[in-house]
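Work through the exercises below with the model open. Each task is followed by a stepwise solution.

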Amino acid sequence: MLAGRASLPDFGMQQTPAPAVKRTRRREAKSCTECRRRKQKCNPRKEGGPCGNCLRRYPPVACVGRAELPKKPNPTSGKDFDPTLNIEGYSPGTSSSSAPELGEPRSQSLFSDSDHPHTPNHAASISPAISAITDQSVYSYFSKPHSDLERSSEIILSSNPSPAHSPDESPYGSPKMFGGILTSINTLYSLPIRQTSRNAELLHFFHSYVVPNLVSIDGQNVPPLFLREMLPWMIQSPLMPNIAIMMASATQSSEQELMVKKSSETLSIQSHVFKIINQFLKRDFSEVGGEALRAVIHLAISEFFWGSSEMLWPHVKGLNQMIKLRGGYTGMKDPVLESVFVLTDYELACCFERDLSMQELNPTRDMDPPIPPSYAEALKCPLITSPTTYKQTRESLNLNTAAAEILDDVRFLTLSITSPETQTSTSKIQSTASWLHKQLEEGPAPIGISNTPEAELILEVICITALIYTNCIATLRPFTNAYTPTQLLSLLDKISAVGSLRWKNIPGIFLWILLVACPSAGNDLQGRFLKKKMAVTGMTIGMEDFGLSIGCLRAFWKVQRWIARERERDLIDPMILGECGNTATEEV
């Protein structure tokens with residue numbers, strides 16, 4: 001056909017060539033969609049990933065719609081490359097974009113001593129709890145071996161009996177899933193954690209639920225101090241994102257009444273956290289000490305809330321050694337971190353009725369913190385001085401007269417022990433406590449919960465707490481096991497009936513109630529609830545004034561130390577012991 005068409009005669013008509021189509025070259029987008037939407041100059045990074053603007057955005061957004069710069073080959077050798085954290089170039093405000101799988105097999109450390117002969121290795125002298133976790137053996141950290149750690153990818157502890165088959169699902173068993181906006185956009189590539197939908201869920205759950213409930217009694221209205229000082233560090237830290245998903249997993253396990261040591265998911269994340277902290281601590285501690293202290297204190301808090309004391313105290317011992325390496329409290333150069341350490345130390349000492357553990361190098365250890373001459377009425381606590389009495393401010397606090405009088409009596413009794421100006425004898429203090437205890441016993445009989453006004457329920461909780469408090473002081477009895485299980489359960493029922501929003505309006509009173517109850521609390525669901533609420537209430541007051549919160553905790557700790565000291569001197573009056581023997585003294 002083509003040959004035939006070529007031999008056709010030419011009738012004088014010249015075939016004009018078709019005009020060439022002008023092709024315009026489409027320019028590649030140099031700005032991401034989010035920067036174009038905000039009309040910002042996009043600043044892509046040479047190493048790829050999100051631009052500098054999107055990296056700092058919170059909540060995280062997807063940095064898309066921009067042509068990626070060609071990546072240069074990585075000259076770093078394989079043995080020196082850390083796939084977990086970019087700690088060589090770590091500085092505050094930066095984060096690594098690569099992370100290993102949390103469920104990966106544990107192999108030899110990527111940073112061995114032979115690889116870095118000139119880098120000081122502080123891991124062995126930092127934290128026994130962390131340095132005991134080598135990359136080849138995680139089991140040495142736990143009180144007993146957990147065979148399900150190696151099989152964590154096969155065990156599913158959730159309401160769904162069948163394992164998920166999604167390729168981006170978590171490699172370890174997971175409790176009930178929680179959703180959120182981060183699970184939809186899944187912009188985790190800017191954080192040093194594995195990019196899975198489960199990690200996105202846990203991270204969103206941490207910021208939307210765990211964090212508010214760590215600093216607020218009712219989980220609402222996060223304090224400005226936290227938003228200003230702590231939240232930016234949590235987002236930018238190379239360690240905290242992994243600790244955050246561990247705390248989120250522990251919280252979800254606790255909600256299902258599952259102990260952390262029995263949750264395969266939480267244990268898997270926990271072992272990964274120990275691994276990356278080990279690697280992080282192999283750097284010069286003078287450079288990474290502040291970051292390490294912030295990270296490990298969160299591990300201790302996590303064990304206090306959801307774990308066990310066997311796991312808690314090695315962390316505390318390690319923190320002590322890290323503080324020494326840092327040069328003491330003055331070497332922290334971070335007033336907020338210093339206050340959090342002091343506050344946590346007093347909370348642990350009060351809860352476990354023991355001496356302070358982390359203030360050996362604190363120059364103000366033996367000094368009472370300065371109490372402001374005036375502060376908000378809602379923060380008033382019966383453990384410290386106040387310019388006004390509860391009876392004078394009962395209307396603003398919405399307390400009835402009987403409750404206000406009890407709180408004023410408790411304050412008078414406490415200050416007779418803690419105030420350095422008073423030199424009250426032990427026998428007089430015991431007699432005062434015994435008289436108050438007898439007056440409380442002659443009060444109205446306990447009331448039920450149903451259809452009871454809120455003010456009456458608060459009065460009942462205050463009365464129960466005051467009975468235990470005065471009994472322990474009068475008989476020099478430790479607060480540990482001061483409550484019987486029945487009494488503790490009754491107290492919890494009444495606290496729950498009042499509601500967290502009401503307690504949030506009187507955190508000073510609530511802190512005293514919880515401090516008296518916590519030493520008797522076990523490690524069950526109710527006990528962990530009391531301990532957590534006590535710590536959160538102390539932090540809530542601390543977010544307003546750390547000196548005030550530490551002053552309340554220190555006053556109760558001084559009462560505990562006074563009881564222990566006078567008990568060792570065998571100054572228990574048999575007559576007083578008989579008078580106050582009606583409140584569970586048979587369990588002493």
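Helices here are DSSP runs of H or I with at least four residues, numbered from the N terminus. The model is predicted.

**Exercise 1.** Place Leu-239 and decide whether this residue is buried or exposed.

Solution. Start with the element: Leu-239 is found in the loop between helix 8 and helix 9 (240–255). Next, take the relative accessible area, which is 1%. Buried means under 20%, so Leu-239 is buried. Last, check a contact along the chain: Ile-276 is 37 residues away, yet the two C-alpha atoms are separated by 7.6 Å.

**Exercise 2.** Classify the ring pair Phe-205 and Tyr-209.

Solution. A search of the whole structure gives eleven aromatic pairs. For this one, the ring centres are 5.0 Å apart and the planes are at 15°. Planes under 30 degrees apart count as stacked, so this pair is stacked. Both residues lie in helix 7, four residues apart, about one turn of the helix. Phe-205 is buried at 6% relative accessibility. Tyr-209, at 31%, is partly exposed.

**Exercise 3.** Do the same for Tyr-469 and Trp-512.

Solution. The centres are 6.0 Å apart, with the planes at 85°. Over 60 degrees counts as edge-to-face, so that is the class of this pair. The pair links distant parts of the chain: Tyr-469 is in helix 17, Trp-512 in helix 20, 43 residues apart. Both residues are buried.

**Exercise 4.** Which charged residue lies over the face of Trp-313?

Solution. Trp-313 belongs to an aromatic cluster with Phe-304, Phe-305, Trp-306 and Phe-352. Arg-354 lies over its face, at 3.8 Å from the ring centre.

Notes
Residues numbered from 1 in each chain as written. Predicted model: local features only at pLDDT ≥ 70, side-chain atom pairs only at ≥ 80, totals over all residues. Heavy atoms only, no water. Helix = DSSP H or I, 4+ residues; strand = E, 2+ residues; numbered from the N terminus. Buried < 20%, exposed > 50% of the residue type's maximum accessible area, 1.4 Å probe, protein only. Phe/Tyr/Trp six-rings, centres within 6.5 Å; stacked < 30°, edge-to-face > 60°. Lys NZ or Arg CZ within 6 Å of the ring centre and 35° of its normal.
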